[in-house]
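Visitor: I am new to this structure and would like to be led through it slowly, one question at a time. Could we begin with what is meant by a pocket?

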Amino acid sequence: LGSVFSGVAATAIVQSSSLVGLIVLAFVGAGIIPLVNAIGIVIGSNLGTTFTGWIVATIGFKLDLQAIALPLFGIGGLGYTLLQDRWKSLAQFGLGLGLLLLGLDSMKTSVAALATQFDFQTIAVYPIIVFLLIGVVLTAIIQSSSATMMITLSALHADIIPLPAAAAMVIGADLGTTSTVLLGSLQGAVSKRRVAMAHVLFNLSVDVVAFILIIPILVFITDVVGLKDPLYTLV
């Protein structure tokens, strides 16, 4: 249980379940942590990576991103040049956050413009299992479920895809992200491959259940919990 919470915290901080998974593989291969704890951390990273979606949905689509990003650029860049030690690291964090927000703003603007130039109604009528597969493939290619979440949120915000399709993409992203740990486990100790297989089986089990119950889950969130905003509903 402690390992699960460690996985949640580590992934929420570094914003990458793939990075946490690769570090865990290295630790297991070196015999630093036992197999059961490694699996716990990987399971926790699944929950920790959802913090990215909350940050993006809350800040990225509700505030003026350029008004936040540009001051972060200025303060972070100046601090990175002039400061030392931990203050330099803090300034680098601000600079990186500014880059993230500016990139998200560009993505949001470009997706909105794309929606006016193409007819996406033909895509929107596809079965949601197609969007599940898109999420799997896209995440396996770009090696980041967080990036797939941002792309999906942008498409949902621009009304390019409906909420059930967006949810299916996110579920697919959760499965696609296991490819990183799988690739990282191909060489080295057998325990690394066991961690990777546990990651795949855990995510596959969760995602199958989530996909089967996708409509009841969305109805529960919107009607029982009362979240009407599609972006918050998705995360």
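Guide: A pocket is an open set of grid points, on a 1 Å grid over the protein atoms alone, with protein on both sides within 12 Å along at least five of seven lines. Its volume is the space filled by probe spheres set on those points. Please keep in mind throughout that this is a predicted model.

Visitor: What volume does the largest pocket have?

Guide: Among the 31 residues that line the largest pocket, those closest to its centre are Thr 50, Val 170, Ile 171, Leu 234 and Val 235. The space that belongs to this largest pocket comes to a volume of about 780 Å³.

Visitor: Which elements give two or more residues to the lining of the largest pocket?

Guide: The lining of the largest pocket divides into 21 nonpolar, eight polar and two charged residues. The elements that give two or more residues to this lining are helix H3 (35–48), helix H4 (50–60), helix H9 (145–157), helix H10 (163–176), helix H12 (190–212), helix H13 (214–225) and helix H14 (230–234).

Visitor: Which element supplies the largest share of the lining of the second largest pocket?

Guide: The second largest pocket holds about 330 Å³ of space, and among its 15 lining residues Gln 15, Ile 55, Phe 93, Leu 97 and Leu 100 lie nearest the centre. Helix H1 (2–14), H4, helix H6 (85–117) and H9 each supply at least two residues of this lining. The largest share, six residues, comes from H6.

Visitor: How many charged residues does the lining of the second largest pocket have?

Guide: Sorted by class, the lining of the second largest pocket has 11 nonpolar and four polar residues. The number of charged residues in that lining is therefore given, under a classification that counts Asp, Glu, Lys and Arg as charged, as no charged residues.

Visitor: How many helices and how many strands does the protein have?

Guide: Read from the N terminus on, the elements run α-α-α-α-α-α-α-α-α-α-α-α-α-α. The count that goes with this order is 14 helices and zero strands.

Visitor: Which element gives the largest share of the largest nonpolar core?

Guide: In soluble globular proteins, nonpolar side chains tend to be buried together. The largest nonpolar core here has 25 residues, and those with the most contacts inside it are Phe 131, Leu 153, Leu 156, Ile 161, Ile 214 and Leu 234. Two or more residues of this core come from each of H4, helix H8 (128–142), H9, H10, H13 and H14. The largest share, seven residues, comes from H10.

Visitor: Which residue named near the centre of the largest pocket is also among those with the most contacts inside the largest core?

Guide: The residue in question touches Met 149, Thr 152, Leu 153, Leu 156, Leu 163, Ala 166, Ala 167 and Val 170, not counting residues up to four places away in sequence. It is listed among the residues closest to the centre of the largest pocket and among those with the most contacts inside the core, and its name is Leu 234.

Visitor: How far apart in space are Val 42 and Val 24?

Guide: A second, separate core of 11 residues includes Val 24, Leu 25, Val 42 and Ala 196. Val 42 lies in helix H3, and it touches Val 24, Val 195 and His 199 when residues up to four places away in sequence are not counted. Val 42 and Val 24 are 18 residues apart in sequence, and their C-alpha to C-alpha distance is 7.7 Å.

Visitor: Is Ser 45 buried or exposed?

Guide: Ser 45 lies in helix H3, and it touches Gly 7, Val 8, Thr 11, Ser 17 and Val 20, leaving aside residues up to four places away in sequence. Its relative accessible area is 2%, and because buried means under 20%, Ser 45 is buried.

Visitor: Is Asp 159 buried or exposed?

Guide: Asp 159 lies in the loop between H9 and H10, and it has a positive phi of about 60 degrees although it is not a glycine. Its relative accessible area is 65%, and because exposed means over 50%, Asp 159 is exposed.

Visitor: What share of the 235 residues in the protein is buried?

Guide: The protein exposes about 12,300 Å², of which carbon and sulfur atoms supply 74%. Of its 235 residues, the buried ones make up 39%.

Technical notes:
Residues numbered from 1 in each chain as written. Predicted model: local features only at pLDDT ≥ 70, side-chain atom pairs only at ≥ 80, totals over all residues. Heavy atoms only, no water. 1 Å grid on protein atoms, 1.4 Å probe; cavity = no way out; pocket = protein on both sides within 12 Å on 5 of 7 lines; lining within 4 Å. Helix = DSSP H or I, 4+ residues; strand = E, 2+ residues; numbered from the N terminus. Buried < 20%, exposed > 50% of the residue type's maximum accessible area, 1.4 Å probe, protein only. Contact = heavy atoms within 4.5 Å. Core = buried A, V, L, I, M, F, W, Y, C linked by side-chain atoms within 4.5 Å. Areas by Shrake-Rupley, 256 points an atom, 1.4 Å probe, with all protein chains shown as cover.
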